Amino acid sequence: MREALLCVLRCPRCGNNPLLLEKERVDELEIKNGRTICNRCLAEYRISEGIIDFLNKANERVMRERKAMDEEEYITDESGVKYRITDEAIEKFKDKFLTLPQGDGTYFFKRGGSFQGIVEASGRFYSALESLHLTGKEKILEIGASFSYASSKFAKIGCSVVALDISDYLKVSSLFIKNAYYDRVFSDMHNIPFQDNTFDIVFGAAVLHHSNDLKEIFSEIRRVLKTGGRIISINEPSRGIFEKVHPVFEEVKKKGFGDVSYTIPEWRKGAREGGFKKVKLEFLSLADDYITRHKNRDTRDNFKLRLAHFFQSHRGIERFILAVLILPRLLFRQKSWRLIGYK
Ligand SMILES: [Zn+2]
């Protein structure tokens, strides 16, 4: 972290600001090691390798999920060797991480590869980035930042960025911050260690469904947003009103993950009850998703692909078809969508 962050940090335990800072090791980029202390409740938060850790006061649900993530063997190499996200693995695969989200076209990013999901969702990330029309002056908080490539893209535009996550995946950020700096915190997103009205944008990809209380999480995000600020949430799973909960939710729960399956009306209700005065739910292009996936899998040319290209070059017709499909998508299967809430 950098010292400038102190003025917006607050103690997640008692809400006090400012925290006191003790520096132990500083390099040309940031404070690498040290601690911050709350002089009201005396809680102490360590800074280690540049990341400030607010998780020592987190609840049991969060700590169980953190453990599940850190134990997950995320990366499998070509000979089938599996790796957790450790300092060694980050160093070993740094060239791969640095190409996220679109990847470098090698084994790791193709079908069955460890980063397949990120590559195939990369079109949605870039579309969201474009829709934000960033000027470079915005203050952005990325929740559930994971490897934090999104934070890195925002920082490259010049924005002042904080990446927040609960797991060691966030340590991958040490590769990115050398190019464009951003601050990093380990924290529960339900108890964000920042003052009210701090950020212009809160961004999250596939993270809010880890909350079991949408009203609470939206309300906490709203608190740290400035008036007129926005939450933009992409890649969240959701299910149709008449659709059953996918069995994968039960499987990941056994491992300790906190994923919850919500319907679109539940998402909207959560954002509204959390205090967002305007909530937009956008069902995204099916053609764009199909083309990104197809490119990544090198499958043969087919009718669906030609149709997708047709829609991509005739957006008016696509918009009409998408409008017709809104109801069936709402009832049965959404595919990709995003939520934007305005404070
Ligand atoms: Zn405190």
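Student: In this predicted model, how do helix α8 and helix α10 cross?

Tutor: The axes of α8 (residues 214–224) and α10 come within 7 Å and cross at roughly 45°.

Student: What makes α8 oblique to α10?

Tutor: Set the angle against the cut-offs. Under 35 degrees counts as roughly parallel, and 65 to 115 as roughly perpendicular. The crossing is at roughly 45°. That falls in neither range, so α8 is oblique to α10.

Student: Is the crossing left-handed or right-handed?

Tutor: α8 passes α10 in a right-handed crossing.

Student: Which residues meet there?

Tutor: Leu214, Lys215 and Phe218 of α8 meet Glu266, Trp267, Gly270, Ala271 and Glu273 of α10. By class, this contact has four nonpolar, one polar and three charged residues.

Student: Why is one residue in that contact classed as polar?

Tutor: Gly270 is in the contact. Gly counts as polar, so Gly270 takes that class.

Student: Now α11 and α12. Why are they called oblique to each other?

Tutor: The axes of α11 (residues 286–297) and α12 (residues 303–313) cross at roughly 130°. Roughly perpendicular ends at 115, and roughly antiparallel needs over 145. The angle lies between these cut-offs, so the two helices are oblique. Their axes come within 9 Å.

Student: What is the handedness of this crossing, left-handed or right-handed?

Tutor: α11 passes α12 in a left-handed crossing.

Student: Which residues of α11 meet α12?

Tutor: Ala287, Asp288, Tyr290, Ile291 and His294 do. On the α12 side are Lys304, Leu305, Ala308, His309, Phe311 and Gln312. The contact has six nonpolar, three polar and two charged residues.

Student: How do you know that β7 and β8 pair?

Tutor: Pairing takes at least two bridges. Strand β7 (residues 139–143) and strand β8 (residues 160–165) have five bridges, in the parallel sense. The cut-off is met, so they pair. Among the partners, leucine 141 is bridged to valine 162 in β8.

Student: What is the strand order of the open sheet?

Tutor: The sheet has 11 strands, in the order β1-β2-β3-β4-β9-β8-β7-β10-β11-β13-β12, with mixed pairing.

Student: Why do β1 and β12 each have one side without a neighbour in the sheet?

Tutor: β1 (20–26) and β12 (278–283) stand at the edges. Each has a single partner strand, so one side is left without a neighbour. Neighbouring strands of this sheet are turned by 15° against each other on average, direction ignored.

Student: Which helix packs on the sheet, touching β12?

Tutor: α10 (residues 264–273) does, touching β12 and β13 (337–342). The direction of α10 makes about 155° with that of β12.

Definitions and conventions:
Residues are numbered from 1 along each chain as its sequence is written. This is a predicted model: local features need pLDDT of at least 70, side-chain atom pairs count only at pLDDT 80 or more; totals for chains, interfaces and linings use all residues. Axes are lines fitted to C-alpha atoms, for helices over the stretch in contact, and angles run from 0 to 180 degrees between N-to-C directions. Helices (H or I, at least four residues) and strands (E, at least two) are DSSP runs, numbered from the N terminus. A crossing is left-handed if the near helix is turned anticlockwise from the far one by less than a right angle, and right-handed if clockwise. Two residues are in contact if their C-beta atoms, placed from the backbone, lie within 7 Å.
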